[in-house]
Amino acid sequence: MPPSWTIAQIPSQIGKRYLITGANSGIGYQAALELARRGATILLACRDRAKGEQALNRLHSEADAPGSMAAAAELILLDLASLASIRTVADDLLARHLALDGLINNAGVMAPTHRLETADGFELQFGTNVLGHFALTCRLLPALELAPSARVVTVSSVAHKRGKLNFADIESRQSYSPMGAYQQSKLADLMFAFELERRLRTLGTNVTSIAVHPGVAQSALFKIGSSQGLAAIAEKFVAATIGLTMNSDVEGALPTLFAATATEAQGGGYYGPQGFQELRGGDVGPAKIAKPALDQRAQQQLWNICEESTGCTLP
């Protein structure tokens, strides 16, 4: 792998189609923008129509250069906290016989101060970050298989290193910790990506699974706005500090773009920035993996929980 992979090395994406969750802001938007600039058709999967339309207009404005082709992009209304919404979106895309060259599982919820639930009654972070992307991936596999060589890119986090899968209380019903639940969800995302790759290889499919993390990047995750009083002040301080000292959302998107497009990216790989403690940096390379994430028995147990919770399986 080149020591300093950059956005400039992204090959032409003409003829390719990507669905990106949480594409209206932050890392998801920057990944969509760079792929669109290189000719890809982008499906911006967003929960909020107004924010999605704003992002779509912004993408056209920023991606369309004088004398170049207009960016091809479409807004997809998707709520990852609703299995019904996921089913509707997947059914629609499959009915349109659209091939997907890439599914970028980017959207996420981070550390609401109180335990919240999805439309289906799951703890919000586990239900959105893990179960939502699990269901979407499984339902869209037929569309991915229509492409010559498709990739599923799942965004984890350096926070996975502090995560622990509490199978006895995986939805934090007995005890809820905002960051603990987030760390667990990011560990689960990484384990899902590894188990997905193993199962895809067993199926003999043309789809590969790759995991990434952005370091600590300025994004909407740090603007959740659920805190009050001193907690709200602290939240704003953290966001401002990250903006000054850590990756921008543009830099944070580099590992995602590498995993989605680089020939050097390997199925089953996990990539991130190479700066101090993997928190930032313009270089992309193999990321450090916490030992629990490599536990294959736990990966399989997690997969079984996801299947039972969502009613989704690989075809």
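Which residues touch the most other members in the largest nonpolar core? Hi everyone, that is where I'd like to start today. One reminder before we go in: this is a predicted model.

So, the core. It holds 53 residues, and the ones touching the most other members are Leu19, Leu93, Leu136, Leu140, Leu144 and Leu302. Several elements give two or more residues to this core: strand 2 (41-46), helix 3 (83-95), helix 4 (124-145), strand 5 (150-155), helix 5, strand 6 (207-212) and helix 9 (296-310). The top contributor is helix 4, with 11 residues. If you want one residue to click on, take Leu140: leaving aside neighbours within four places in sequence, Leu140 is in contact with Leu19, Ala90, Leu93, Leu100 and Leu103. There is also a second, separate core of 38 residues, and among its members are Ile27, Ala36, Ala40 and Ile104.

Now to the sheet. It is an open sheet of eight strands in the order 3-2-1-4-5-6-7-8, and the pairing is mixed. Why do strand 3 and strand 8 each have one side without a neighbour in the sheet? Strand 3 (72-77) and strand 8 (284-286) stand at the edges, so each has a single partner strand. On average, neighbouring strands are turned by 25 degrees against each other, direction ignored.

For a closer look at one pairing, strand 4 (residues 102-105) runs parallel to strand 5, with four bridges between them. Within that pair, Gly102 has Arg151 of strand 5 as its bridge partner.

Two helices that pack on this sheet are worth showing. Helix 2 touches strand 2 and strand 3, and its direction makes about 175 degrees with that of strand 3. Helix 8 (residues 254-261) touches strand 1 (17-21), strand 4, strand 5, strand 6, strand 7 (270-273) and strand 8. The angle between the directions of helix 8 and strand 5 is about 160 degrees.

Next, charges. As a bit of background, side chains of opposite charge can pair when their charged atoms come close. Across the whole structure, the search finds 13 salt bridges. Let me walk you through three of them.

The first I'd pick is Glu53 with Arg49, where the closest N and O atoms are 3.9 Å apart. These two are four residues apart in helix 2 (residues 49-63), so about one helical turn separates them. Both ends count as partly exposed: Glu53 has a relative accessible area of 37%, and Arg49 comes out at 48%.

Then there is Arg96 with Asp92, at 3.3 Å between the closest N and O atoms. Arg96 is partly exposed at 34%, and Asp92 is partly exposed at 38%.

My last pick is Arg199 with Glu195, at 2.7 Å. Both lie in helix 5 (residues 178-203), four residues apart, about one turn of the helix. Are the two partners buried or exposed? Arg199 is partly exposed at 26% relative accessibility, whereas Glu195 is buried at 3%. Besides these pairs, salt bridges with shared partners link Arg115, Glu117, Glu171 and Arg173 into one network.

While we are on helix 5, here is a quick geometry check. At 1.5 Å a residue, its 26 residues should span 38 Å, and the end C-alpha atoms are 37 Å apart, which agrees. Right after helix 5 comes Gly204, with a positive phi near 70 degrees.

That's my tour, thanks for listening!

Definitions and conventions
Residues are numbered from 1 along each chain as its sequence is written. This is a predicted model: local features need pLDDT of at least 70, side-chain atom pairs count only at pLDDT 80 or more; totals for chains, interfaces and linings use all residues. Side-chain values use heavy atoms; hydrogens and water are left out. A salt bridge is a side-chain nitrogen of Lys or Arg within 4 Å of a carboxyl oxygen of Asp or Glu. Buried means under 20% relative accessible area, exposed over 50%, partly exposed in between (1.4 Å probe, protein chains only). A nonpolar core is a set of buried Ala, Val, Leu, Ile, Met, Phe, Trp, Tyr and Cys residues joined through side-chain atoms within 4.5 Å. Contact means heavy atoms within 4.5 Å. The expected span of a helix is 1.5 Å times one less than its number of residues. Two strands pair if DSSP finds at least two bridges between them. Axes are lines fitted to C-alpha atoms, for helices over the stretch in contact, and angles run from 0 to 180 degrees between N-to-C directions.
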